[in-house]
Every structure is written in structure tokens, then in C-alpha cells.
Amino acid sequence: MEAKRSAILAEIPGLRRYARALLRDADEADDLVQDCLERAFSRIDAWKTDTSPRRWLFTLMHHLFIDGVRARKRRMETPQAGPVIETQFAAPPQNGFLDLRDVLDALQEIGAERRAAILLVGVEGMSYAEAAGVLGIPTGTLMSRVARGRQELRDILDHQRRRRILKAVE
Amino acid sequence: MGRSEFDERDIHLALDGELPPEDAAAFQAWLEANPEMRMLRARYASDRALLHQALGEIAQEDPPARLKNGTRRSPPRAFGPSGTLLRFTAAAALLLVLGAAGGYFA
């Protein structure tokens, strides 16, 4: 049991990074990780140690994320006034005309499913088969989500760069 | 014998280490012969690096204690995304009422 627990806790850094990239807001992201860990510990007997804890945990988190996206959509259909929370980031390094916050903003503009695909493969370093398993989709679908997601990211970043350049010229 | 024809999709496969090794040399030759595709490959590689750069530090951070303990939030939130605590509290309240009613009617 202790070995299982340690294996789960060892995945926290990757889960946090993935959650932050998915949700942008640091607190919301850690809440998602927390929910994922709680679910994992409550189902720890269902996890067989010969399967990677990574794949199991990312799958649990993906389900929670999708549930959250659906709930958020429902909330948006019935608009409520709520406080706008700005995420605080220590002065981000610049990359050309973009700073790294722009990259995280750009990610949020990509559809949730394509966002998840490019993050699992491009940032978390999963194979297509592993990422497709986490998302519960065929490998071919994953491949097209990766391709379209990257294309979308490229277009959004180009747009942001153009805006920055115009601002700088002004 | 590897392939000799490639398209944009193969750029992603190559970038993600999914291109079969026997196609690697032919893919390189295809890139050399197609400057537009070479530029596209460079662009996707640089966006990928940008994502790593933007997100890399998060995995280096020391996770908050509440995550390392693997325990419930502190202080507990009744309206967490999963609603687990809310359901737990509702179930506890119901049991209490049933128990009291049982005691009353016994």
C-alpha cells in the first residue's frame, strides 16, 4: 500500500503541470490535482501495479477535467456575476515579442480536446498510444487532434505576435 | 524498404518520435527537398519548445502541502469541483436524521 501511495505522489509534479496548462488558473489547477488524488486514493485497490500509475492518474484527471468543462459550460448558460481572479505569475521571461504568459493564454483558446492532446504528447512526452489511452480515443483521432491543435496554436501565437508588434510600433 | 512520400502529418509523427526508424532518412531527404515543409517543421518544433519553456517550471515547483499529504483540502470546501464533501455532509446529515427518527419511534 505504501509503495502504491509513493508511486502516486511521485506523479504530482507532472499532474500539476498538465492541470495548469489545461486550466491556466493556479488554484483551480491544484484543485483538479487534489480531486484526482482523492479519487485515486479512494480507488487505490482498482489500480494494478503492473500498469503505469501515470497513465491511470492522467486518465482519472482527464475525466475530472471533462466533467469540469461540462459543468462550466452549464454555468455559462446561466450567467452569474463572480469575482475575476487574476493568476499571479512571477515576471515571465520574454520570448521575442511574446512572454510566456501569452503562450498559456493561447492554449486556453484551443478547444479542450485538442489542448489535452498536444499537451500529453508535446509536454508530458507520452506516446500516441499512451495519450490515446488516457483520452479514451483511437490513435488516429489523437493524431488529428495533435495536428489540428498545433495548427491552431500556431495561428493564435501569430496573431498575438502581430498584436504585440503593432503595439510596440505605436 | 521505407516510404518515399510524406506529408504534413509526418512532421508531427517525426516531432513526437512516432515516425518508424526505417523512414527517418527518407523523411529527412523529403524535408531537404521541400523548403516549405522544412520551415513548417522548424515552426512546430519551436512552438513545442515554447510550450516546454512556459510550463517547465511548474513541474519544478514544490507542490503545496495539501497535495503532498494526499488528504482533503484544508480548510475543507463544501463546493469543490467534485462536490465530494457536499455529498459526504449530506449523507452524514441524512444518517443523523434517520438515526434520531429511529430512536424517537423505537
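The following exercises, with worked solutions, concern a predicted model of chains A and B.

**Exercise 1. Describe the extent of the interface between chain B and chain A.**

Step 1. Begin with the residues that meet: 35 residues of chain B are in contact with 38 residues of chain A.

Step 2. Turn to the area. The two chains bury about 3500 Å² between them, and carbon and sulfur atoms account for 57% of this buried area.

**Exercise 2. Determine which polar and charged pairings cross the interface of chain B and chain A.**

Step 1. Count the salt bridges: the rule finds five across the interface.

Step 2. Examine one of them. B:R43 pairs with A:D158, and their closest N and O atoms lie 2.8 Å apart. Because the criterion for a salt bridge is a separation within 4 Å between a side-chain nitrogen of Lys or Arg and a carboxyl oxygen of Asp or Glu, this pair qualifies as a salt bridge.

Step 3. Count the polar contacts: 12 residue pairs, with both residues at pLDDT 80 or more, are found in polar contact across the interface.

Step 4. Assign the chain B side to its elements. At least two residues each come from α1 (8–15), α3 (35–60) and α4 (65–68) of chain B. The most is given by α3(B), with 13 residues.

Step 5. Classify the residues on the side of chain B that touches chain A: 14 are nonpolar, eight are polar and 13 are charged.

**Exercise 3. Characterise the fold and the surface of chain A.**

Step 1. List the secondary structure. Chain A contains eight helices and two strands, and from the N terminus the order is α-α-α-α-β-β-α-α-α-α.

Step 2. Consider the contacts in chain A with a separation of 6 or more: 70% of them are accounted for by residues 24 or more positions apart.

Step 3. Assess burial and exposure. Of the 170 residues in chain A, 49% are buried. The chain exposes about 8800 Å², of which carbon and sulfur atoms supply 52%.

**Exercise 4. State what is notable about the phi of A:R24, and decide whether this residue is buried or exposed.**

Step 1. Locate the residue: A:R24 sits in the loop between α2 (12–23) and α3 (26–42) of chain A.

Step 2. Read the backbone angle. Phi of A:R24 is near 75 degrees, a positive value in a residue that is not glycine. Most residues other than glycine have a negative phi.

Step 3. Apply the cut-off for burial, which is under 20% relative accessible area. A:R24 has a relative accessible area of 14% and is therefore buried.

Technical notes: Residues are numbered from 1 along each chain as its sequence is written. Chains are lettered from A and ligands numbered from 1 in the order in which they are written. Side-chain values use heavy atoms; hydrogens and water are left out. Contact means heavy atoms within 4.5 Å. Buried area is the accessible area (1.4 Å probe) that two parts lose on being put together, summed over both. A polar contact is a pair of N or O atoms within 3.5 Å; within protein, one must be able to donate a hydrogen and the other to accept it, and residues adjacent in sequence count only if both atoms are side-chain atoms. Helices (H or I, at least four residues) and strands (E, at least two) are DSSP runs, numbered from the N terminus. Ala, Val, Leu, Ile, Met, Phe, Trp, Tyr, Cys and Pro count as nonpolar, Asp, Glu, Lys and Arg as charged, and the others, Gly among them, as polar. Buried means under 20% relative accessible area, exposed over 50%, partly exposed in between (1.4 Å probe, protein chains only). Accessible areas come from the Shrake-Rupley method with a 1.4 Å probe; for residues, only the protein chains shown count as cover.
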